[in-house]
Amino acid sequence: MSDKHPWKMRYAPHVGLAAPDIPLFLHSAGSSDPVVQIEWLAAHGFAGIEDNSLKVRPIETQKAMGEALARHGMEMGCFVNNPTAWDKPIWGATSAEAKDKWKRDLDETVEAAKRVNGRCVTVVTGREVGIPRGYQIAEMIEKLKRAAEVAEKAGLVLCVETVSALRFGGMLLNNIDEAYMVVSAVDSPAVQLVYDFGHVTQMDGEVLSNLKACWDRTAIIQVADIPGRMELGSGELNWVNIFRTIKGMGYTGLIELEHEVSEPGVAGEEKLLQNLKRIDAEV
């Protein structure tokens, strides 16, 4: 049943965050099939999707997703450049394997992006034990400079993301100021930031001040409430104020809903939806 809501912001729920078969609206849509998810989200007025798991899906599924998004005029949001090795020390490591791995991942990403008409690609990386972080960050910058040339030609934006050390240990970039330093050093329109409110809240605080400080390098926004990385309205962040600020700064891109649901089943997903409608109405 269609319930096309007149959203003020361009929200994009995930269709595979921790795993490809656990989309945000699993129970409401009645299937983990990403095409079924897209159909359900379109019927409810959502602007697009995010899919961390895109590259582990069969090629035919990726093509079907791209066709469904185009059919409904929806946008493909972020997908992860290296979903099977996102926490491994690839971008900052200097080993022979790491020197080749980022390029192989990126070549595959370019092809996946074509299938879904995707543009934004999440870049995260683990930290190599025993090597000072400064050297690894310098190596990451050099790799991203080379990757930027490939991304620019393909029309992609590599979105560097910080990851909370409280949630996932062993990642190279935990703080938004360091990620800003990295993308500023690369200095390419093809290498920008993904500003994840959940991670930034846990590691840096002052989420709006930090957003304004790195706004010129921010390509896309992801949201999750804290604590627990759950749906908006379940935690401590003032989402009405956050979205008013983002809107006032002229942002027209996707707001990616990259979080879990605090209560199980259809009831939990309905609560998520109603919370989001209430917040959006006040923006």
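Reader: What phi does Asp-187 take just after H6?

Author: In this predicted model, Asp-187, which follows directly after helix H6, takes a positive phi of about 55°.

Reader: What makes the buried residues of H6 lie on the same side of the helix?

Author: In H6, which covers residues 176–186, the buried residues are Ile-176, Glu-178, Ala-179, Val-182, Val-183 and Val-186. Because they cover an arc of only 160° around the axis, they are placed on the same side of H6.

Reader: Which elements do the buried residues of H6 pack against?

Author: They pack against three helices and two strands, namely helix H5 (133–154), helix H7 (197–203) and helix H8 (207–213), together with strand S6 (157–160) and strand S7 (191–196).

Reader: Why is H5 called oblique to H6?

Author: The axes of H5 and H6 come within 9 Å and cross at roughly 45°. An angle under 35 degrees would count as roughly parallel, and one from 65 to 115 as roughly perpendicular; the crossing at roughly 45° belongs to neither class, and therefore H5 is oblique to H6. As for its hand, the crossing of H5 and H6 is right-handed.

Reader: Which residues make the contact of H5 with H6, and how many of them are nonpolar, polar or charged?

Author: From H5 the contact takes Arg-133, Ile-137, Ile-141, Leu-144, Lys-145 and Ala-148, while H6 gives Glu-178, Met-181, Val-182, Ala-185 and Val-186. Sorted by class, these are eight nonpolar residues and three charged ones, with no polar residue among them.

Reader: How do you know that Glu-256 is buried?

Author: Glu-256, which is found in strand S9 (residues 254–257), has a relative accessible area of 0%. Since buried means under 20%, Glu-256 is therefore buried.

Reader: What is Glu-256 in contact with, leaving aside its neighbours within four places in sequence?

Author: With those neighbours left aside, Glu-256 is in contact with Ala-12, Glu-50, Gly-77, Cys-78, Ile-220, Ile-221, Gln-222 and Val-223.

Reader: Where does Arg-229 lie, and why is it called buried?

Author: Arg-229 lies in the loop between strand S8 (218–223) and helix H9 (239–248). The relative accessible area of Arg-229 is 5%, and because the cut-off for buried is under 20%, Arg-229 is called buried.

Reader: Which residues does Arg-229 touch, not counting those up to four places away in sequence?

Author: Arg-229 then touches Arg-167, Asp-196, Gly-198, His-199, Ala-224, Glu-258, His-259 and Glu-260.

Definitions and conventions:
Residues are numbered from 1 along each chain as its sequence is written. This is a predicted model: local features need pLDDT of at least 70, side-chain atom pairs count only at pLDDT 80 or more; totals for chains, interfaces and linings use all residues. Side-chain values use heavy atoms; hydrogens and water are left out. Buried means under 20% relative accessible area, exposed over 50%, partly exposed in between (1.4 Å probe, protein chains only). Helices (H or I, at least four residues) and strands (E, at least two) are DSSP runs, numbered from the N terminus. The arc is that of the directions from the helix axis to the C-beta atoms. Contact means heavy atoms within 4.5 Å. Axes are lines fitted to C-alpha atoms, for helices over the stretch in contact, and angles run from 0 to 180 degrees between N-to-C directions. Angles under 35 degrees count as roughly parallel, over 145 as roughly antiparallel, 65 to 115 as roughly perpendicular and the rest as oblique. A crossing is left-handed if the near helix is turned anticlockwise from the far one by less than a right angle, and right-handed if clockwise. Ala, Val, Leu, Ile, Met, Phe, Trp, Tyr, Cys and Pro count as nonpolar, Asp, Glu, Lys and Arg as charged, and the others, Gly among them, as polar.
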